[in-house]
Amino acid sequence: MTDTRRRVKLYALNADRQWDDRGTGHVSSCYVERLKGTSLLVRAESDGTLLLESKIQPDTAYQKQQDTLIVWSEGDNFDLALSFQEKAGCDEIWEKICQVQGKDPSVEITQDIVEESEDERFDEMSDSVQPVELPACEMGRLEDISELVNSCLVSPNRKDKLAAALETQHYIKKLLNLFHMCEDVENVEGLHHLYEIFKSIFLLNKNTLFDTMFADDTIFDVVGCLEYDPSLPQPKKHREYLRELAKFREAIPIKNKDLLAKIHQTYRVQYIQEIVLPTPTVFEDNLLSTLSSFIFFNKVEIVKLIEEDEKFLTDLFKMLMDEKTGDTKRRDLVLFLKEFCNFSQNLQPQDKDAFYKTLVSLRILPALEITLSIDDQKTKTASIDILTYIVEFSPSVVRDYTLQQANNTEEEQMLLNIVIEQMLRDQDPELGGAVQLMGVLRILLDPESMLASVNKSEKADFLNFFYKHSIQTLIAPLLENTSGEKPLKEDYHTVQLLGLVLELLSFCVEHHTYHIKTCILNKDLLRRILVLMRSTHTFLVLGALRFMRKIIALKDEYYNRYIIKGNLFAPVIDAFLRNNGRYNLLDSAILELFEFIKLEDIKSLCSHVVENYGKILEDVEYVQTFKALKTRYEQHQDKLKEREREYNVPVSGSVAVTEAVVPSLLRTRYRREARQPDEEEEMWFNDDDELEDEAPLDSAQPHTHTHTHHALDAIGKIVEKKVCSSTESANGPRVLLGAAKPPHTDAQGLVDYDGDSDEEEEGGASSGNPSSSSSTEERDAKRPRLA
């Protein structure tokens with residue numbers, strides 16, 4: 001048989017169910033005289049040493065996966081895999097394997113234990129008449145018993161008949177008696193056979209046999225049989241661990257004997273599954289499904305038994321909230337509750353709902369306020385896990401409790417603020433608890449999971465509560481660290497925490513349009529966050545940039561005017577220039593931000609960037625973004641010149657303001673915003689001087705527009721003339737501009753004839769002059785009024 005050499009990686013499955021890389025080489029298939037058969041050979045590409053020599057057995061199950069992977073099992077608990085560089089090489093080796101085993105190469109697994117030969121089917125027909133006959137349970141017949149049990153595993157019918165025979169003849173207890181005899185006389189060979197027998201009995205996957213093996217009087221003997229693994233030089237000491245080292249702690253004495261027995265049994269069976277039994281091979285994973293089900297239903301029964309014992313739970317929570325309870329005792333109580341909640345994950349949704357309602361009625365949330373603030377790390381970690389379980393299943397329960405605290409609890413003692421404080425105080429270098437609590441806050445603040453009904457609006461109430469009582473706690477470390485031109489603290493722990501805060505704030509910008517906007521504008525939050533653009537930690541710089549990108553993505557003119565007024569592109573441009581054209585994530589993220597402004601045609605921001613930073617950015621030639629922005633700006637200017645010629649109005653000021661003025665007077669239809677701006681927002685934008693005094697800008701402000709009011713006067717006269725002439729028309733009165741009702745002036749000093757905002761006009765162009773120093777009253781005094 002000719003050799004076929006292909007480049008492969010050889011993997012072996014370790015005891016932790018992880019694939020270990022055994023080396024890279026070339027695989028071939030050839031006849032090996034020593035093994036008396038066709039074999040797979042893998043030689044290392046580095047030095048030609050033999051990495052693998054495996055005979056292709058006629059009854060071994062080979063499995064082909066993902067076109068370039070062949071997996072098989074050699075012996076007990078030893079799985080191998082060949083990962084091919086090329087599909088063609090995998091196909092050739094697969095054909096060799098199928099040729100040896102007489103299989104069609106189109107199959108993906110060469111031996112399926114469900115498929116049976118004609119002889120096996122004939123045997124099963126005979127088996128349907130006669131059950132499996134078990135040998136006499138004697139020490140001298142252990143080898144025969146082991147062979148019989150192993151032979152029955154290949155056929156589902158024979159497995160059923162063997163399980164029935166073991167049960168009806170009480171064979172398991174007879175085998176355990178032999179185990180005691182073998183241990184007494186130190187019959188090591190017999191103990192090795194018993195190990196193989198009980199390992200195979202587990203693979204029968206029969207619940208009735210598990211009931212026998214896991215009874216109080218037999219489970220330790222079963223564990224003892226599984227200590228004598230023939231592949232180990234010395235037996236394990238599992239029984240010693242379970243009896244002496246594993247200590248059961250009763251947080252509160254359990255008087256229900258059935259409950260206590262079920263808890264002990266579940267722990268021991270889990271120990272058998274995870275520690276004692278050998279790691280199942282790729283083909284044995286599904287053979288222990290009944291064992292997993294046995295543990296699952298045990299946990300469900302434990303939860304039900306505890307729920308039914310009202311006195312037990314009442315005493316537990318009473319002790320948990322008692323100030324006299326010691327830290328060690330309280331830790332045990334919290335750990336018990338954590339396991340209790342963990343077991344509840346196996347309940348059906350309706351049962352789980354009743355479970356958490358029971359815990360809430362027992363005041364678990366006030367208890368968590370206490371345990372979250374305890375310095376003991378185990379207690380705190382378990383408390384975070386419990387809170388996570390509750391919030392993931394029913395965030396509304398926590399929101400309702402929080403809202404009840406609004407009028408009768410001090411802010412620092414509110415559950416939501418305690419959660420935020422613990423997130424910000426996490427001392428773990430990896431911030432495991434902080435990340436988990438940030439996830440809890442994110443679920444609580446997610447509007448998608450908030451309910452709304454006729455008599456109740458959970459979304460509005462909870463968000464009002466959060467932004468009134470908790471947002472200040474969340475942003476406090478951010479404001480503290482950005483009071484200067486650069487971040488005050490740059491240690492890794494601080495910047496990691498600030499990164500989490502930024503991530504949560506970015507989520508709020510995306511989902512809490514109005515509430516977070518008010519917070520950002522009132523506290524000048526974006527300016528403070530952009531101080532982090534000067535951090536030495538790139539991930540924090542990217543976090544600050546991501547926050548600004550979320551804001552710009554909303555295409556909200558209030559945000560746009562705030563950015564323009566505060567000249568908040570300056571830190572971004574500064575970071576871009578300091579990066580000096582290096583091809584990295586920061587460079588790409590900044591370019592993408594400006595690309596978005598160009599593609600979405602956000603006129604106010606486009607004009608601001610070109611007018612203030614055009615000369616600085618005109619030398620950037622490795623991308624066309626800034627040239628395209630300038631081109632877009634010039635196109636806007638050309639349109640304005642055309643309108644100047646059409647209406648005989650001189651163009652003054654920036655494109656953002658003038659273009660917003662003209663269409664606002666000539667448009668006949670308006671789009672109404674979903675929400676009219678409130679007085680606080682309007683007052684903030686009218687108060688130009690205050691922000692300029694408090695936060696001086698780093699570079700030149702946008703140009704003031706001295707001729708804007710002359711333009712308005714001229715336009716007003718033109719419109720008056722057209723209105724008058726149209727009303728005298730022979731065709732009857734016509735109303736241009738929707739002027740049937742009296743006009744009024746909006747917050748930006750623009751005449752609005754139907755009461756609708758024109759913010760969203762043509763890509764959201766700004767309709768106000770963000771840098772003008774004149775007050776609203778002065779502008780109104782000069783504004784033309786049409787009859």
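Begin by selecting Glu412, which has its place in the loop between helix H17 (395-404) and helix H18 (415-424). What you are looking at is a predicted model, and at this first stop Glu412 counts as exposed, at 56% relative accessibility. If you leave aside the neighbours within four places in sequence, Glu412 is in contact with Asn417 and Ile418. Add Thr473 to the selection as well, since Glu412 and Thr473 are 61 residues apart in sequence and yet 9.0 Å apart in space, taken from C-alpha to C-alpha.

Now zoom out to the whole protein. The protein holds 35 helices and nine strands, and of its 787 residues 50% are buried. If you show the surface, its accessible area comes to about 39,400 Å², with 49% of that belonging to carbon and sulfur atoms. Among the contacts with a separation of 6 or more, 66% are between residues 24 or more positions apart.

Turn next to the strands, and select strand E1 (residues 6-13) together with strand E2 (residues 19-32), which pair in the antiparallel sense over eight bridges. Within this pairing, Tyr11 has Asp21 in E2 as its bridge partner. Then add strand E7 (residues 79-84), which is antiparallel to E1 and joined to it by five bridges. Here the residue to pick is Ala12, which stands opposite Leu80 in E7.

From there, move to strand E5 (residues 62-65), where Tyr62 and Lys64 make up a covered face, while Gln63 and Gln65 make up an uncovered one. This fits a general pattern, in that the side chains of a regular strand alternate between the two faces of the sheet. Four bridges join E5 to strand E6 (residues 69-73), and the two run antiparallel; the bridge partner of Gln65 in E6 is Leu69.

Keep E5 and E6 on screen and display the aromatic side chains, of which a search of the whole structure finds 19 pairs. One of these is formed by Tyr62 and Trp72, a tilted pair with 5.4 Å from centre to centre and 35° between the planes. Because Tyr62 lies in strand E5 and Trp72 in strand E6, the pair ties together parts that are 10 residues apart in sequence. Tyr62 is buried, with a relative accessible area of 0%, and Trp72 is likewise buried, with a relative accessible area of 0%.

For another aromatic pair, select Phe336 and Phe340, which are stacked at 6.2 Å centre to centre with 25° between their planes. The two are four residues apart in helix H13 (residues 327-344), and so they are separated by about one helical turn. Phe336 counts as buried at 17% relative accessibility, and Phe340 is buried with a relative accessible area of 3%. Widen the selection to Phe312, Phe355, Tyr356 and Phe393, which together with Phe336 and Phe340 form one aromatic cluster.

Two further stops show a charge and a ring. Select Arg399 and Phe462, where the charged end of the arginine sits over the ring, 5.8 Å from its centre. Then select Arg549 and Phe596, where Arg549 lies over the face of Phe596 at 4.0 Å from the ring centre.

Next, go to helix H3 (residues 142-152) and highlight its buried residues, which are Leu142, Ile145, Ser146, Leu148, Val149 and Cys152. Looking down the axis of H3, you will find that these buried residues fall within an arc of 165°, so they line one face of the helix. To see what lies against them, show helix H4 (156-168), helix H5 (171-185) and helix H6 (188-203), against which the buried residues of H3 pack.

The tour ends with the backbone at two loop residues. Arg363, found in the loop between helix H14 (349-361) and helix H15 (364-372), has a positive phi of about 70° although it is not a glycine, and it counts as partly exposed at 46% relative accessibility. Asn567, placed in the loop between helix H26 (557-565) and helix H27 (570-579), has a positive phi of about 50° although it too is not a glycine. Is Asn567 buried or exposed? Asn567 is buried, with a relative accessible area of 2%.

Conventions:
Residues numbered from 1 in each chain as written. Predicted model: local features only at pLDDT ≥ 70, side-chain atom pairs only at ≥ 80, totals over all residues. Heavy atoms only, no water. Buried < 20%, exposed > 50% of the residue type's maximum accessible area, 1.4 Å probe, protein only. Arc of directions from axis to C-beta. Contact = heavy atoms within 4.5 Å. Areas by Shrake-Rupley, 256 points an atom, 1.4 Å probe, with all protein chains shown as cover. Pairing = 2+ DSSP bridges. Phe/Tyr/Trp six-rings, centres within 6.5 Å; stacked < 30°, edge-to-face > 60°. Lys NZ or Arg CZ within 6 Å of the ring centre and 35° of its normal.
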